[in-house]
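I opened a fresh page for this protein and set out to look up its cysteines, its aromatic rings and its surface. My notes follow in the order in which I made them.

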Amino acid sequence: MSEKRKAYILQAALFATGLSGVVAEYILATLATYFLGNSVVQWTLIISLMLFFMGVGSRLTKYLFQHLFVWFVGIEFLLSLIVSFSALSTYTMVAMHDYIGVWIYGLAILAGTLIGMELPLAMRLNDRFEAFHINVSNILEKDYYGSLFGGIFFAFVGLPFLGLTYTPFVLGFINLGVAICLLNFFPEILKSKKRWLLNTSAFLLTLTMGLGILYADDIVLFGEQKKYLDKVVYSEQTAYQKIIITQWKDHHWLYLNGNLQFSSFDEALYHEVLVHPAAFLSGHPQKILILGGGDGCAARELLKYPSVESVTIVDLDPGMTRLATENTLLTNINQGALSDERVKVINKDAFNYLQDHLGFYHLIIVDLPDPRSIELSRLYSAEFYRLCYNHLSANGVFITQAGSPYFAPKSYKCINKTIQQAGFTTLPLHNQIITMGEWGWVLGTKHDASSTTLRNRLKKFDSEQIPTRWINREAIGLITSFGKDYFDPTSDSIKVNRIHDPVLPNYYRQGDWSVY
């Protein structure tokens, strides 16, 4: 084989390892976000840790003078094993320990160190085939190209279709494949005995990784089950989130990324407050927009109104809306609302939908996850609420879930103040939900009427006209009454949440959720 051909093979190997390396970073960052929360912090920490220790790994290679080829192959073996079992080992650790940050960060440090050793060793190996300036250029070029393809693979193939369980095994087999190819395309570098030992090791690694794939679902389920009190009956990793459904007796709990969304035991205490006060104030709503609400429960309540002509649900995750349409556990709860001919589902970012769409609605309901991250706080910003305001008809009504007014009072007040900043007259609401604690919503109208006027209008609510399981005229009086501001009497210092100044996630994290 010519020297030029050998150089091409080595560079192709670096393209593959570049792809594998960057996806390993993304996998660990995603795992850290899922288990430790706060995506911005976790992605920053994981990427920074891995880059730093790539530098450490690069430094370590200057102390290697002999057997460079064996070192390179050995590193690929180790990476194939570490990366392949990164997710499975993390799920296993979750079952045994309360805090697994040390494990995930440890994997990032180890993987980063090994990845950092790849490039310097590859350059030194390729030095015999190409001149120095061409060698450095070609090696770095192929590695960076691989990183781009790795990012595309993770975003559009790995996470959406293979999930966090199987994507690491693809990377592991890439690293292992690189090692096997180099062993057999460069036979003259190693003596036959060493090459036989390394090929045998590769075979054993292949068997180990194959067993990992075979038992992956059982291991993940074991780890997931330890995280939840009740039996896990459904688990799916979509392109956007981890969906879990658990069961206790005849009731089911829906979790997104480990956070409870509702329980069939008492979800009416949430969804009836989310829908009926706003629907009553809007008069006879005909066109309704739900932002979020992919579980279909808010749509179920809206379809009880004879005046409703159309309900548009804008939910980012097609996996969630598909599940709410097809899975009998959810369709039994939402009564098949998403299959109703009056309901239209659009899988799109809510902010982008409001920017791109020109329609007007009599009622806008926002039922999104809590603003625990920067990306979610964008959907609780003054800019977002102003878009909602602009899409309401003259007498339209707006309502959003707003977290807990007692467990996270600063967050709740920030949402209320931000909605007011967008031009709404607001009316705070709250209710005790057994499985979620004291929860809150903020209702808004375009009218200049005061909160007292809105509260008095709601007292005329007639539950006899619309079939409900909990809410009635007496309940309206309870959900609109807060008493004195006991938990956080200072409101003047609360800032408005804006896209360029996302204060809300910090307020949310300051909440004392431990008392629940």
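**Cysteines**

I began with Cys 181, which counts as partly exposed because its relative accessibility is 37%, a value that lies between the limits of 20% for buried and 50% for exposed. I kept in mind from here on that this is a predicted model. I then turned to Cys 297, which is buried, with a relative accessible area of 0%. When I looked for disulfides, I found that the structure holds zero of them.

**Aromatic rings**

I searched the whole structure for aromatic pairs and noted 17. I looked up the pair of Phe 85 and Phe 169, whose ring centres are 5.4 Å apart and whose planes stand at 75°, so I entered the pair as edge-to-face. Phe 85 lies in the loop between helix 3 (68-84) and helix 4 (86-96) while Phe 169 belongs to helix 6, so this pair ties together parts that are 84 residues apart in sequence. I also recorded that Phe 169 is buried, at a relative accessible area of 1%.

Elsewhere I wrote down one aromatic cluster, formed by Phe 351, Phe 384, Tyr 385, Tyr 389, Phe 398 and Phe 424. Over the face of Tyr 389 I found Lys 446, at 4.7 Å from the ring centre. I noted too that the charged end of Lys 287 sits over the ring of Tyr 361, 5.3 Å from its centre.

**Surface**

Last, I listed a nonpolar surface patch of Leu 148, Phe 149, Ile 152, Phe 156, Val 157, Phe 161 and Leu 162, which together have about 730 Å² of accessible area. Phe 149 is found in helix 6 (residues 132-185), and I entered Phe 149 as partly exposed, at 47% relative accessibility.

How values were computed
Residues are numbered from 1 along each chain as its sequence is written. This is a predicted model: local features need pLDDT of at least 70, side-chain atom pairs count only at pLDDT 80 or more; totals for chains, interfaces and linings use all residues. Side-chain values use heavy atoms; hydrogens and water are left out. Patches are made of residues with over 30% relative accessible area and no salt bridge: like charges are joined within 9 Å, nonpolar side chains (Val, Leu, Ile, Met, Phe, Trp, Tyr) within 5 Å. Accessible areas come from the Shrake-Rupley method with a 1.4 Å probe; for residues, only the protein chains shown count as cover. A salt bridge is a side-chain nitrogen of Lys or Arg within 4 Å of a carboxyl oxygen of Asp or Glu. Helices (H or I, at least four residues) and strands (E, at least two) are DSSP runs, numbered from the N terminus. Buried means under 20% relative accessible area, exposed over 50%, partly exposed in between (1.4 Å probe, protein chains only). A disulfide is a pair of cysteine sulfur atoms within 2.5 Å. Rings of Phe, Tyr and Trp (its six-membered ring) pair if their centres lie within 6.5 Å; planes under 30 degrees apart count as stacked, over 60 as edge-to-face and the rest as tilted. A charge sits over a ring if NZ of Lys or CZ of Arg is within 6 Å of the ring centre and within 35 degrees of the ring normal.
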